[in-house]
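Trainee: Before I rely on words such as buried, compact or exposed, I would like to hear how each one is justified by a value and a cut-off. Could we go through them one by one?

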Amino acid sequence: MTKKILLIEGDGIGPEVVGQAKKIIQFFNENTDKKFETENALLGGIAYDKVGTPFPKETVELAKQSDAILLGAVGGLKWESLPYKDRPERGLLGIRKELELFANLRPAKVFSALADASTLKREVVENLDIMIVRELTGDLYFGEPRSVTTLPDGSRQGINTMTYNSKEVERIARVSFDLAKIRGKKLCSIDKANVIETTEMWREVVTEIGQKEYPDVALSHMYVDNASMQLVRNPKQFDVMLTGNMFGDILSDTASMLTGSLGMLPSASLGAKQPNGKQFALYEPIHGSAPDIAGKDIANPIATILSLAMMFRYSFGYAAEADKIEAAVEKVLEKNIRTADIAIASSTRVSCTQMGEAILEELKKSL
Ligand code: IPM
Ligand code: MG
């Protein structure tokens with residue numbers, strides 16, 4: 001069956017990196033029995049410029065009709081002084097909320113060819129393979145009330161609300177336990193239960209789900225401050241990490257840097273199963289829009305290409321094809337072909353386009 005992929009290139013380097021993933025899609029279309037239809041939609045700053053809102057209704061409609069979404073990046077200096085509701089990030093947060101993409105999977109995997117690209121010592125990161133599961137539709141990001149108001153004495157007061165209900169915790173806990181089951185059977189749930197009641201409840205719910213439904217997964221808990229320290233001290237102690245939205249935002253950036261470059265890491269944001277069995281899903285690189293290098297054809301497209309591999313695996317069940325894409329990336333890295341962000345002195349330095357082509361070449365050989 002033909003799969004419908006919605007492409008949201010977005011801002012900055014978004015179009016360049018998605019452009020490389022498109023070549024891979026086209027390759028499968030032309031050379032295998034896996035068939036894809038693609039459509040384009042606007043989101044973020046470019047949507048604001050073209051149609052006056054970072055989150056066009058039309059994009060939501062197209063997203064709902066698609067089988068999966070591939071997103072480049074949103075944001076840029078140009079839009080930073082706009083009112084909150086018009087900023088590119090509202091588009092991204094809007095689509096996460098509208099499609100209820102509550103489960104954000106952020107793998108941090110070190111390719112052995114790149115172990116020296118990390119700022120940490122090789123032995124600390126070599127063979128690292130952790131999966132951060134970040135809740136994506138609750139917490140401080142969406143909690144009400146939220147405001148900044150001026151008080152009678154003229155000072156200003158900001159309010160955001162950290163909120164979770166137990167059902168939200170249960171469903172994200174199940175996603176992470178399910179992943180732990182097929183990986184190293186180890187789950188570490190992150191909270192601040194010594195200070196913040198919401199997260200104390202989080203810990204209780206996760207513990208209960210673990211005891212009742214996943215007795216074969218070793219569950220541990222860690223305070224977020226300790227977790228951030230442990231991630232740089234001894235990251236290999238972790239397998240799957242479960243976190244709320246706010247802590248997950250921070251910890252996943254830390255984890256990504258263990259791998260050497262933000263330009264390497266893919267992510268998946270998965271929704272709840274709909275009554276008709278459909279599950280919305282959005283795949284995107286972890287990195288941002290990098291406006292400083294946009295349009296120069298020097299960005300690293302690997303995170304986006306690996307995001308496509310995640311789409312194949314999680315949305316379409318095309319595990320063999322996903323493996324092939326990942327293996328092609330690994331081969332290229334082993335040949336020391338590198339974009340600027342991961343290059344070392346001896347590397348063959350390539351552009352974004354050339355990196356896409358090098359991966360495609362390896363992929364061709366694997367068929
Ligand atoms: C991320 C990003 C987003 C977030 C921004 C762009 C809204 O930092 O995906 O981690 O905070 O969730
Ligand atoms: Mg972030």
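Mentor: What follows is a set of questions about this predicted model, each answered by setting a value against its criterion.

Trainee: What makes the protein as compact as a globular protein of its length?

Mentor: The secondary structure comes to 12 helices and 14 strands. The radius of gyration is 20 Å, close to the 21 Å that the globule rule gives for 367 residues, so the protein is as compact as a globular protein of that length. Along its principal axes the C-alpha trace spans about 60 × 50 × 45 Å, and buried residues make up 52% of the 367 residues.

Trainee: What can be said about the range of the contacts along the sequence, and about the surface?

Mentor: Among contacts between residues at least 6 apart in sequence, 73% join residues at least 24 apart. The accessible surface comes to about 16,100 Å², and 51% of that belongs to carbon and sulfur atoms. As for the charges, the mean positions of the 45 positive and 50 negative ones are 2 Å apart.

Trainee: How do you know that the buried residues of helix α8 are on the same side of the helix?

Mentor: In α8, which runs over residues 224–233, the buried residues are Val 224, Ala 227, Gln 230 and Leu 231. They cover an arc of only 115 degrees around the axis, which puts them on the same side of α8. The general background is that an α-helix has 3.6 residues a turn, so residues three or four places apart point the same way. The cover over the buried residues of α8 includes the strands β5 (129–135), β8 (186–191), β9 (218–223) and β10 (240–243), together with helix α9 (245–258).

Trainee: Why are the buried residues of helix α3 said to line one face?

Mentor: The residues in question are Thr 59, Val 60, Leu 62 and Ala 63, within a helix that covers residues 57–65. Seen down the axis of α3, they fall within an arc of 165 degrees, so they line one face of the helix. The face turned away from that buried side carries the exposed residues Lys 57 and Glu 58. What covers the buried residues of α3 includes β1 (3–10), β2 (36–40), β3 (68–73), α4 (88–98) and β12 (279–285).

Trainee: Why is Leu 62 called buried?

Mentor: The criterion for buried is under 20% relative accessible area, and Leu 62, with 18%, therefore counts as buried. Leaving out residues up to four places away in sequence, Leu 62 touches Leu 6, Glu 39, Asn 40 and Ala 41. Leu 62 and Leu 6 are 56 residues apart in sequence, while their C-alpha atoms are 7.2 Å apart in space.

Trainee: Is Leu 71, in strand β3, buried or exposed?

Mentor: Its relative accessibility is 0%, and because buried means under 20%, Leu 71 counts as buried. Its contacts, aside from neighbours within four places in sequence, include Ile 8, Val 18, Leu 43, Leu 92 and Leu 282. By contrast with these contacts, Leu 71 and Gly 52 are 19 residues apart in sequence and 20 Å apart in space, C-alpha to C-alpha.

Trainee: Why is Lys 35 called partly exposed?

Mentor: Partly exposed covers what lies between the 20% and 50% limits, and the 34% of Lys 35 therefore places it there. Lys 35 is found in the loop between α1 (14–31) and β2, and among the residues that it touches are Met 1, Thr 2 and Lys 3. The C-alpha atoms of Lys 35 and Met 1, 34 residues apart along the chain, are separated by 7.0 Å.

Trainee: What makes the phi values of Asn 127 and Asp 139 worth a remark?

Mentor: Phi of Asn 127 is near 65 degrees, a positive value in a residue other than glycine, and that of Asp 139 is near 70 degrees, again positive in a residue other than glycine. Asn 127 lies in the loop between α5 (122–125) and β5, and its 60% relative accessibility is over the 50% limit, so Asn 127 counts as exposed. Asp 139 is found in the loop between β5 and β6, and its 3% is under the 20% limit, so Asp 139 counts as buried.

Trainee: Which residues does a cis peptide bond join?

Mentor: The bond joins Glu 144 and Pro 145, with omega about -5 degrees, and Pro 145 has its place in the loop between β5 and β6 (147–150).

Conventions: Residues numbered from 1 in each chain as written. Chains lettered and ligands numbered in written order. Predicted model: local features only at pLDDT ≥ 70, side-chain atom pairs only at ≥ 80, totals over all residues. Heavy atoms only, no water. Helix = DSSP H or I, 4+ residues; strand = E, 2+ residues; numbered from the N terminus. Rg over C-alpha atoms; globule rule 2.2 N^0.38 Å. Buried < 20%, exposed > 50% of the residue type's maximum accessible area, 1.4 Å probe, protein only. Contact = heavy atoms within 4.5 Å. Areas by Shrake-Rupley, 256 points an atom, 1.4 Å probe, with all protein chains shown as cover. Lys, Arg positive; Asp, Glu negative; His and termini not counted. Charge placed at Lys NZ, Arg CZ, Asp CG, Glu CD. Arc of directions from axis to C-beta.
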